[in-house]
Amino acid sequence: MTDLLKIEHLSKHYPGFSLQDVSFTLKPGRIMGLVGKNGAGKSTILKSMLNIVKPDQGTVTMFGKDFFQNEKACKQNIGVVFGGIDFYPLKKLSAITAVTRTFYPEWDQQKYENYLRQFSLDENKIFKSLSNGMKVKYLLALALSHNARLYLLDEPTSGLDPVSRDEILHIFTHIVKDKEKSVLFSTHITSDLDHCADDITYIQRGQVLKSSDKETFLRSFDYLKSPEDTGELTLEEIMLRTERSDLYETAL
Ligand SMILES: Nc1ncnc2c1ncn2[C@@H]1O[C@H](COP(=O)(O)OP(=O)(O)OP(=O)(O)O)[C@@H](O)[C@H]1O
């Protein structure tokens with residue numbers, strides 16, 4: 001099966017931080033969670049792979065094509081959400097949508113209107129006036145309405161209440177059901193991944209610590225278990241123990 005996304009040796013240097021030699025792949029029909037603590041480099045990976053910030057090195061192959069050589073064509077087939085970016089803050093949602101849909105020949109107005117209803121979004125509102133959770137939902141509605149094959153979402157569930165989070169995760173599961181589309185999303189909320197991730201990529205200090213299917217991922221951290229642990233460690237326990245031992249080693 002051809003990978004929908006293949007990232008190889010992606011690097012980006014900022015003063016005081018380096019993304020180093022990041023490589024991982026995403027197959028069709030999969031939901032991949034990108035985890036790591038604050039500042040680990042999750043957003044930098046998503047921005048570098050999309051050329052929003054220029055990577056120093058590395059290749060990104062999307063739908064079998066070199067992304068940097070075929071940026072326009074690839075972008076037609078991806079749905080992207082970055083939190084914290086207020087495009088057109090003073091415009092009504094209806095005006096933002098009118099501009100957005102002109103970029104996508106595959107825009108599906110019916111689907112978009114269904115999401116507006118499902119997310120209780122009022123198109124007459126000004127973007128800036130939405131709560132953070134509603135902004136995320138609106139950006140998701142846009143990303144989900146042009147029949148993309150790959151969804152790249154930076155913390156799409158942050159700021160959402162548990163019911164809305166559940167709703168979004170349910171949508172992700174529905175998207176990948178046809179085994180042709182995939183979702184890559186970054187999150188701090190490890191329980192999101194317990195519920196719906198097929199694959200997990202764990203980023204620590206700008207590097208990939210582990211990237212694999214969830215079962216292999218969880219088993220590969222068995223060395224963190226203590227004699228009191230009878231069952232599998234949860235993803236949260238794995239992250240807490242890994243980051244704690246990293247802190248301890250750094251302090252020594
Ligand atoms: N434009 C920039 N210029 C300089 N440094 C940057 C820039 N963007 C990000 N960084 C730095 O890169 C590092 C990684 O940031 P990034 O936003 O990728 O982390 P993250 O894992 O997404 O964090 P969070 O979970 O808090 O969103 C941080 O130290 C951050 O300060």
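Modeller: Helices (H or I, at least four residues) and strands (E, at least two) are DSSP runs, numbered from the N terminus. The model we are looking at is predicted.

Biologist: Thanks! With that in mind, where is Asn51 placed?
Modeller: Asn51 has a phi near 65 degrees, a positive value in a residue other than glycine. With 14 C-beta neighbours inside 10 Å, Asn51 falls between the limits of 12 or fewer for exposed and 20 or more for buried, so Asn51 counts as partly exposed. Its place is in the loop between helix 1 and strand 4.

Biologist: And Asn147, in which loop is that residue found?
Modeller: Asn147 also has a positive phi in a residue other than glycine, near 50 degrees. Asn147 counts as partly exposed, with 15 C-beta neighbours inside 10 Å. You will find Asn147 in the loop between helix 5 and strand 7.

Biologist: Let's turn to the sheet. In what order do the 4 strands of the open sheet lie?
Modeller: Strand 2 (17-26) and strand 5 (65-66) are the edge strands, as each pairs on one side only. Strand 1 (residues 5-14) pairs with strand 4 (residues 57-62) over 5 bridges, in the antiparallel sense. The pairing in this open sheet is antiparallel, and the order is 2-1-4-5.

Biologist: Which residue in strand 4 is the bridge partner of Ser11?
Modeller: Strands of a sheet pair through backbone hydrogen bonds, either parallel or antiparallel. Strands 1 and 4 pair in the antiparallel sense. In strand 4, the bridge partner of Ser11 is Gln57.

Biologist: Helix 1 packs on the sheet, so what angle does its direction make with that of strand 1?
Modeller: Helix 1 (residues 42-49) touches strand 1, strand 2 and strand 4. Its direction makes an angle with that of strand 1 of about 110 degrees.

Biologist: Now to helix 6. How far apart are its end C-alpha atoms?
Modeller: Helix 6 (residues 162-175) has 14 residues. At 1.5 Å a residue, the helix should span 20 Å. The model agrees, because the end C-alpha atoms are apart by 20 Å.

Biologist: Within what arc do the buried residues of helix 6 fall?
Modeller: The buried residues are Arg165, Ile168, Leu169, Phe172 and Ile175. Seen down the helix axis, they line one face of helix 6, while Val163, His170 and His174 are exposed on the other side. What covers the buried residues includes strand 3 (31-35), helix 5 (132-143) and strand 8 (182-186). The buried residues line one face because they fall within an arc of 115 degrees.

Biologist: Which helix gives the most to the largest nonpolar core?
Modeller: In soluble globular proteins, nonpolar side chains tend to be buried together. The largest nonpolar core here has 57 residues, and Leu152 is one of those that touch the most other members. Leaving aside neighbours within four places in sequence, the contacts of Leu152 include Leu46, Ile78 and Leu184. With 7 residues, the helix that gives the most to this core is helix 5.

Biologist: One last pick: is Arg117 buried or exposed?
Modeller: Arg117 lies in helix 4. The cut-off for exposed is 12 or fewer other C-beta atoms within 10 Å. Arg117 has 10 C-beta neighbours inside 10 Å, so this residue counts as exposed.

How values were computed:
Residues numbered from 1 in each chain as written. Predicted model: local features only at pLDDT ≥ 70, side-chain atom pairs only at ≥ 80, totals over all residues. Expected span 1.5 Å × (residues − 1). Arc of directions from axis to C-beta. Contact = placed C-beta atoms within 7 Å. Pairing = 2+ DSSP bridges. Axes fitted to C-alpha atoms, helices over the stretch in contact; angles between N-to-C directions. Core = buried A, V, L, I, M, F, W, Y, C linked by C-beta atoms within 7 Å.
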